[in-house]
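Thanks for coming, everyone. I have one structure to walk you through today, so let's put it up on the screen.

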Amino acid sequence: MTDLKTLYRRTMMMLGIGKVTMTTDAGGIQQVQYETPLEVRGNTPRLMEFGFSSSLPPDSDVLVVYLAGDRSNGVVIASGHKGSRHANLKSGETVLYNLWGQYIKLTEKGIEVEANGQAVTVNNATQVTINASDSVEMNTPLLKVSGDIVDNIATNSKTLKNLRDTYNGHHHAVNGVQPGSAEVTSDIPGEEV
């Protein structure tokens, strides 16, 4: 009878819910400190899916599994943060988000990226290719490119700098002037492009 009571007690104590008070994201596994109405536990490992990592903000909810019902041997297996969770997703939609309102949302109609007034950076790419069947539109007051630009790449090898240099250095023949056998040309354009 005593073994049955112990088994029942351990089974009832295998799961717990708490609130995160601190997260440590150093080393091979993230550890959280959480509290319940009955206790505060630190250095509790948090398991995450491969290829995805996040650092829980304070006040996040966690679901803790206690191995063999031992409250000193817990592992966080699920988490959520009510204040930043995206609600009202349609069936099949997925969103990757953070505490500051930035997100990537995968919908049936397309992909939405919200930077929320912050920079978006792509690092260390050897090449970035955009395959758009209709067009690429950039709504910006200024487009800056540190290198050169080539258009119509299938049929053109000249860069925008080549065209600009050619235009800035070109001359026109002056018609109707006959100074003998000399050829008269105009000055280069007064305003460079």
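Let's begin with the open sheet of 3 strands, ordered β6-β7-β8 and paired in the antiparallel sense. Its edge strands are β6 (94–97) and β8 (111–114), and each of these pairs on one side only. From one strand to the next, the twist averages 10 degrees; here axes are lines fitted to C-alpha atoms, for helices over the stretch in contact, and angles run from 0 to 180 degrees between N-to-C directions.

A quick word on where this comes from: it is a predicted model, in which local features need pLDDT of at least 70, side-chain atom pairs count only at pLDDT 80 or more, and totals for chains, interfaces and linings use all residues. Residues are numbered from 1 along each chain as its sequence is written, and side-chain values use heavy atoms, with hydrogens and water left out.

Two terms I have already used: strands (E, at least two residues) and helices (H or I, at least four) are DSSP runs, numbered from the N terminus, and two strands pair if DSSP finds at least two bridges between them. By that count, strand β7 (residues 103–106) and β8 are joined antiparallel over 4 bridges. Within this pairing, K105 stands opposite E112 of β8.

Now to the other sheet. This one is open too, with 5 strands in the order β3-β2-β1-β4-β5 and antiparallel pairing. The edges are taken by β3 and β5, each with a single partner strand, so one side of each has no neighbour in the sheet. The twist here averages 45 degrees from one strand to the next. Further in, strand β1 (residues 15–24) and β4 run antiparallel, with 5 bridges joining them. One contact to look for is K19, whose bridge partner in β4 is D61.

And K19 and D61 turn up again when we move to side chains: together with K82, they are linked in a network of salt bridges. By salt bridge I mean a side-chain nitrogen of Lys or Arg within 4 Å of a carboxyl oxygen of Asp or Glu. How many of these does a search of the whole structure find? The search finds 5.

Take E39, please. E39 forms a salt bridge with R41, where the closest N and O atoms are 3.2 Å apart. E39 also meets R71 in a salt bridge, at 3.3 Å from N to O. That second pair connects two loops: E39 sits between β2 (31–35) and β3 (40–45), and R71 between β4 (61–66) and β5 (74–80), so the pair ties together parts that are 32 residues apart in sequence.

Is E39 buried or exposed? E39 counts as buried, because its relative accessibility is 17%, while R41, at 28%, counts as partly exposed. The cut-offs are under 20% relative accessible area for buried, over 50% for exposed, and partly exposed in between (1.4 Å probe, protein chains only).

There is a helical example as well. D165 and K161 meet in a salt bridge of 2.7 Å, N to O. Both lie in helix α2 (residues 160–168), 4 residues apart, or about one turn of the helix. D165 is partly exposed at 41% relative accessibility, and K161 is partly exposed at 40%.

Last topic: pockets. On a 1 Å grid over the protein atoms alone, a pocket is an open set of points where a 1.4 Å probe fits, with protein on both sides within 12 Å along at least five of seven lines, and lining residues have an atom within 4 Å of a point. The largest pocket holds about 570 Å³ of space, a volume being the space filled by probe spheres set on the points, which are joined across faces, edges and corners. Of its 23 lining residues, the closest to the centre are R46, F52, S54, L56 and Y97. Strand β5 gives the most to this lining, with 5 residues.

By class, the lining of the largest pocket has 13 nonpolar, 8 polar and 2 charged residues. For that split, Ala, Val, Leu, Ile, Met, Phe, Trp, Tyr, Cys and Pro are nonpolar, Asp, Glu, Lys and Arg are charged, and the others, Gly among them, are polar.

The second largest pocket has a volume of about 220 Å³. Among the 13 residues lining it, Q102, Y103, I104, V113 and E114 are the closest to its centre. This brings us back to where we started, since β6, β7 and β8 are the elements that give two or more residues to that lining.
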